[in-house]
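Colleague: I would like to learn how to read a helix and its surroundings in a model. Could you take me through one case?

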Amino acid sequence: MKLRCMFLSLLLLAALALPAAGAEAQTDIPASALALVDRWEDEGYPDTVGGVWVDETSSSVVVAVVDGDQAAIDSIIAAAGSADGLAFASCRWSRAQLLEVHGALAQLVGVEGSPVIAVGLGTRGNDFSVSGQPCVHVTITTLDSQEAAEACADRIQEEYGDMVELSVGPHQISFTTGM
């Protein structure tokens, strides 16, 4: 019991330290850039934005703009009040389009017989730099059948093309019961 309490205490300390590390990475980013993203989270993203992420190497918020539209970039800079802390990438798909695909594919998670076990928004190859490309990540497990998993991946790729990034392998979700 004493060992379990020590272990849980260490886990709690580690968990408490994580948000501080993330906040530290954002302290170099100008408040106007972070406020812009907060406003979009509350009010909705512009149709010209494909995604937003932090590039820690440049201490900036990267805004992926559909087709690199300069008018959209100028509008984003005006909304933020300045270009400080903002970097821009060009992308093909809007966040709204990606969310629509995400919603459709998320319905496959947990469905009996479906090898799709996870769906999320991110960047292709997890590249969170200014060259990142927003996409929908789809994780497909081969645990039931390699053939079924590959057929599912082919169907998704055919329907959604480069809007998705597929990961097919022996992925597994594990569940733990209480202590």
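Modeller: We will go through one helix and then a salt bridge. This is a predicted model, in which local features need pLDDT of at least 70 and side-chain atom pairs count only at pLDDT 80 or more, while totals for chains, interfaces and linings use all residues. Residues are numbered from 1 along each chain as its sequence is written, and side-chain values use heavy atoms, with hydrogens and water left out.

Colleague: Which residues of α5 are buried?

Modeller: An α-helix has 3.6 residues a turn, so residues three or four places apart point the same way. In α5 the buried residues (under 20% relative accessible area, 1.4 Å probe, protein chains only) are A149, C152, A153, I156 and Y160. Because they cover an arc of only 100° around the axis, they sit on the same side of α5, whereas E147, D154, R155 and E158 on the other side are exposed, that is, over 50%.

Colleague: What caps the N-terminal end of α5?

Modeller: S145 does, with a side-chain oxygen 3.3 Å from the backbone nitrogen of E147.

Colleague: How many salt bridges does a search of the whole structure find?

Modeller: A salt bridge is a side-chain nitrogen of Lys or Arg within 4 Å of a carboxyl oxygen of Asp or Glu, and the search finds 1. D162 pairs with R92, their closest N and O atoms being 2.9 Å apart. This pair links distant parts of the chain, 70 residues apart, with D162 in the loop between α5 and β6 and R92 in the loop between β3 and α4.

Key:
Helices (H or I, at least four residues) and strands (E, at least two) are DSSP runs, numbered from the N terminus. The arc is that of the directions from the helix axis to the C-beta atoms. A polar contact is a pair of N or O atoms within 3.5 Å; within protein, one must be able to donate a hydrogen and the other to accept it, and residues adjacent in sequence count only if both atoms are side-chain atoms.
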